[in-house]
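Open the model in your viewer and keep the selection tool at hand. The stops below say what to select next and what is there.

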Amino acid sequence: MKPVSPIVVFLLALTGCVTASTPDLEAPQLPWVEVTPDLCVARGLSTSSSNLQESFDVLGQLGVTSLRGGLQWHRIEPTPGEFNFSAYEPVVDDLLAMGVEPLALLAYGNPWASDYPDADHFYPPEDPADFAAYAGATAEHFAGRIRRYEIWNEQNAGYRFWKPELSGDPVAS
């Protein structure tokens, strides 16, 4: 196991990842701490990042075993009933080849699914069945490759993830 700077451990702890056990977050007495073997990191799963390979290299160096990232609904289903997973395929495959388990965040809304004027992808759908169709299609597509999913993200932080209310609507999620 490779030693990691306490700053790195602190920053990774801020990601919100939860696994069977979490790193000890007490202030270390030494300049280096050991990372537990079940470290989870949050990062987007999009292939659009220019430093994706660099990120993968760092994940490997840190001993990361799980990566949490969003499979964004509006990118997977830009038109109702038409699913396209091609942007996420290489990332999921690369993670699995590295021995890193994807923890997929079924994320956000889809402008076509909202009746709200000028909706973007942070508005929830009018009909939860639309989100369920996306979630089902995604789980079916990645069956055998992704085994853990998180539904939505910070539904009580509506200013960004659950518009239009500032307080969000966690009950609706």
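Start by selecting Arg 148 and Glu 101, whose side chains meet in a salt bridge at 3.1 Å, N to O; a salt bridge here is a side-chain nitrogen of Lys or Arg within 4 Å of a carboxyl oxygen of Asp or Glu. The two belong to distant parts of the chain, with Arg 148 in strand 6 and Glu 101 in strand 5, 47 residues apart. Helices (H or I, at least four residues) and strands (E, at least two) are DSSP runs, numbered from the N terminus.

This is a predicted model, in which local features need pLDDT of at least 70, side-chain atom pairs count only at pLDDT 80 or more, and totals for chains, interfaces and linings use all residues. Residues are numbered from 1 along each chain as its sequence is written, and side-chain values use heavy atoms, with hydrogens and water left out.

**Salt bridges**

Stay on Arg 148 and ask how far it is open to solvent: buried, partly exposed or exposed? Arg 148 counts as partly exposed, at 23% relative accessibility. Buried means under 20% relative accessible area, exposed over 50%, and partly exposed in between (1.4 Å probe, protein chains only). Glu 101, at 16%, counts as buried.

Keep Glu 101 and add Arg 147: their side chains also meet in a salt bridge, at 3.0 Å, N to O. Glu 101 lies in strand 5 (residues 101-107) and Arg 147 in the loop between helix 5 and strand 6, so this pair ties together parts 46 residues apart in sequence. Arg 147 counts as exposed, with 67% relative accessibility.

Next select Glu 89 and Arg 145, where the salt bridge has an N to O distance of 2.8 Å. Glu 89 is in helix 4 (residues 89-98), while Arg 145 is in the loop between helix 5 (128-141) and strand 6 (148-151), 56 residues away. Glu 89 is buried at 18% relative accessible area, and Arg 145 is partly exposed at 23%. Over the whole structure, the search finds five salt bridges.

**Paired strands**

Select strand 4 (residues 66-72), where seven of the seven residues are buried. Add strand 5: the two strands run parallel and are joined by seven bridges. Strands count as paired if DSSP finds at least two bridges between them. For one position along this pairing, pick Gly 70, which stands opposite Leu 105 in strand 5.

**Nonpolar cores**

A nonpolar core is a set of buried Ala, Val, Leu, Ile, Met, Phe, Trp, Tyr and Cys residues joined through side-chain atoms within 4.5 Å. Which residues of the largest core touch the most other members? Select Leu 71, Ile 76, Phe 131, Tyr 134, Phe 142 and Ile 146, out of 16 residues in that core. Helix 3 (73-76), strand 5 and helix 5 each supply at least two residues of this core, and helix 5 gives the most, with four. Apart from this core lies another, of eight residues, including Phe 56, Leu 62, Val 64 and Val 91.

**Aromatic pairs**

Rings of Phe, Tyr and Trp (its six-membered ring) pair if their centres lie within 6.5 Å; planes under 30 degrees apart count as stacked, over 60 as edge-to-face and the rest as tilted. By this rule there are eight aromatic pairs. For one of them, select Tyr 108 and Phe 122: the ring centres are 4.9 Å apart and the planes at 75 degrees, so the pair is edge-to-face. Tyr 108 is buried at 8% relative accessible area, and Phe 122 is buried at 13%.

Move to Phe 131 and Tyr 134, which form an edge-to-face pair, 5.3 Å centre to centre with 70 degrees between the planes. Being three residues apart in helix 5, they are separated by about one helical turn, and both are buried. Add Trp 73 and Trp 112 to the selection: ring pairs link these two with Phe 131 and Tyr 134 into a cluster.

**Confidence**

Finally, colour the chain by pLDDT, the predictor's confidence in each residue, from 0 to 100. The mean for the protein chain is 75, and 58% of its residues reach 70 or more. Confidence is highest in helix 5, at a mean of 96, and lowest in helix 1 (residues 6-13), at 43. Select residues 4-20 last: pLDDT there is below 50, and beyond near neighbours in sequence the stretch has 31 contacts in the model, a contact being heavy atoms within 4.5 Å. Where pLDDT is low, the predicted coordinates should not be read in detail.
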